[in-house]
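Student: I would like to learn how to read burial, strand pairing and backbone angles from a model. Could we work through one example?

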Amino acid sequence: MVKIIFYEGKNFQGRSFECISDSSDLSSHFNHCNSIRVENGNWILYEYPNFRGHQYFLRKGDYPDFQQWLGYNDSIKSCRLTPQHRGPFRLRVYEREDFRGQMMEFTEDCPHVYEQFHYNDIHSCHVHDGYWMFYEESNYRGRQYYLRPGEYRRYSDWGASNPRIGSFRRVQHLY
């Protein structure tokens, strides 16, 4: 069974809340989130209710403070369980909005977008297969964006305020 446990204090201290499915508003369950234990499943956490704000991808494991999940602060207000997907994975990225300009297709993780795509900015993309995480910086660092299958005509469609993407990876489930 999938489960994630949120704790108000660091090192799994203080008030806690167990969650086994998507939740669009966790505000009534805790005020701050300083540690998390993921017992099973892959989760996307959001800074604000209704799946908005900074996003964080967490797999099974212990996260004793918010810096362990690369959090910007102790605010987690919604969460989403990622669907199980083993493959295939296929993503097309474009240098311009509305799928224009240079295009490149990926089926594997990309730790350095510039080395592969020769651009630092991705203005649109089409996720054909699988689920992906975009990162603002190389080597899977910086602000994160969760992408499901579908068309993203401009970077704001995946929640970004600018087109800078330094790396991306497939969201794979560990069994």
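Student: Is Val 93 buried or exposed?

Tutor: A residue counts as buried when its relative accessible area is under 20%. In this predicted model, Val 93 has a relative accessible area of 1%, so Val 93 is buried.

Student: Where is Val 93 placed, and which residues does Val 93 touch?

Tutor: Val 93 lies in strand E8, residues 90-96. Leaving aside residues up to four places away in sequence, Val 93 touches Gln 102, Met 103, Met 104, Phe 106, Phe 117, Ile 122, Ser 124, Cys 125 and Phe 134. Met 103 is 10 residues from Val 93 along the chain, and the C-alpha atoms of the two are separated by 5.6 Å.

Student: What does the general picture of a strand say about side chains?

Tutor: In a regular strand, side chains alternate between the two faces of the sheet.

Student: How many residues of strand E12 are buried?

Tutor: Strand E12, residues 141-147, is mostly covered, with 6 of its 7 residues buried.

Student: Where is Ser 23 placed, and is Ser 23 buried or exposed?

Tutor: Ser 23 sits in the loop between strand E2 (16-19) and strand E3 (35-40). Its relative accessible area is 14%, which means that Ser 23 is buried. Not counting residues up to four places away in sequence, Ser 23 touches Phe 51, Ser 78 and Cys 79.

Student: Now the pairing. In what sense do E11 and E12 pair, and over how many bridges?

Tutor: Strand E11, residues 132-137, pairs with E12 in the antiparallel sense, over 5 bridges. One bridge can be located by its residues: Trp 132 has Leu 147 in E12 as its bridge partner. The hairpin of E11 and E12 has 3 residues between the strands, and there Asn 139 takes a positive phi near 60 degrees.

Student: What is the usual sign of phi?

Tutor: Most residues other than glycine have a negative phi. Tyr 140, which is not a glycine, has a positive phi of about 60 degrees. Tyr 140 is found in the loop between E11 and E12, and a relative accessible area of 18% makes Tyr 140 buried. Phe 12 is not a glycine either, yet has a positive phi of about 65 degrees. Phe 12 is in the loop between strand E1 (3-7) and E2.

Student: Which strands does E3 pair with?

Tutor: E1 and E3 run antiparallel and are joined by 5 bridges. E3 also pairs in the antiparallel sense with strand E6, residues 61-63, over 3 bridges. Arg 37 can be followed through both pairings: Arg 37 in E3 is the bridge partner of Ile 5, and Arg 37 stands opposite Asp 62 in E6.

Student: How many helices and strands does the protein have, and what radius of gyration?

Tutor: There are 1 helix and 14 strands. A compact globule of 175 residues would have a radius of gyration near 16 Å, and the protein has 16 Å, so the two agree. Its C-alpha atoms fill a box of roughly 50 × 30 × 25 Å along the principal axes. Of the 175 residues, 46% are buried. Of the contacts between residues at least 6 apart in sequence, 68% join residues at least 24 apart.

Student: What do carbon and sulfur atoms supply of the exposed area, and how far apart are the mean positions of the charges?

Tutor: The protein exposes about 8700 Å², with carbon and sulfur atoms supplying 41% of it. The mean positions of the 22 positive and 22 negative charges are 2 Å apart.

Conventions. Residues numbered from 1 in each chain as written. Predicted model: local features only at pLDDT ≥ 70, side-chain atom pairs only at ≥ 80, totals over all residues. Heavy atoms only, no water. Helix = DSSP H or I, 4+ residues; strand = E, 2+ residues; numbered from the N terminus. Buried < 20%, exposed > 50% of the residue type's maximum accessible area, 1.4 Å probe, protein only. Contact = heavy atoms within 4.5 Å. Rg over C-alpha atoms; globule rule 2.2 N^0.38 Å. Areas by Shrake-Rupley, 256 points an atom, 1.4 Å probe, with all protein chains shown as cover. Lys, Arg positive; Asp, Glu negative; His and termini not counted. Charge placed at Lys NZ, Arg CZ, Asp CG, Glu CD. Pairing = 2+ DSSP bridges.
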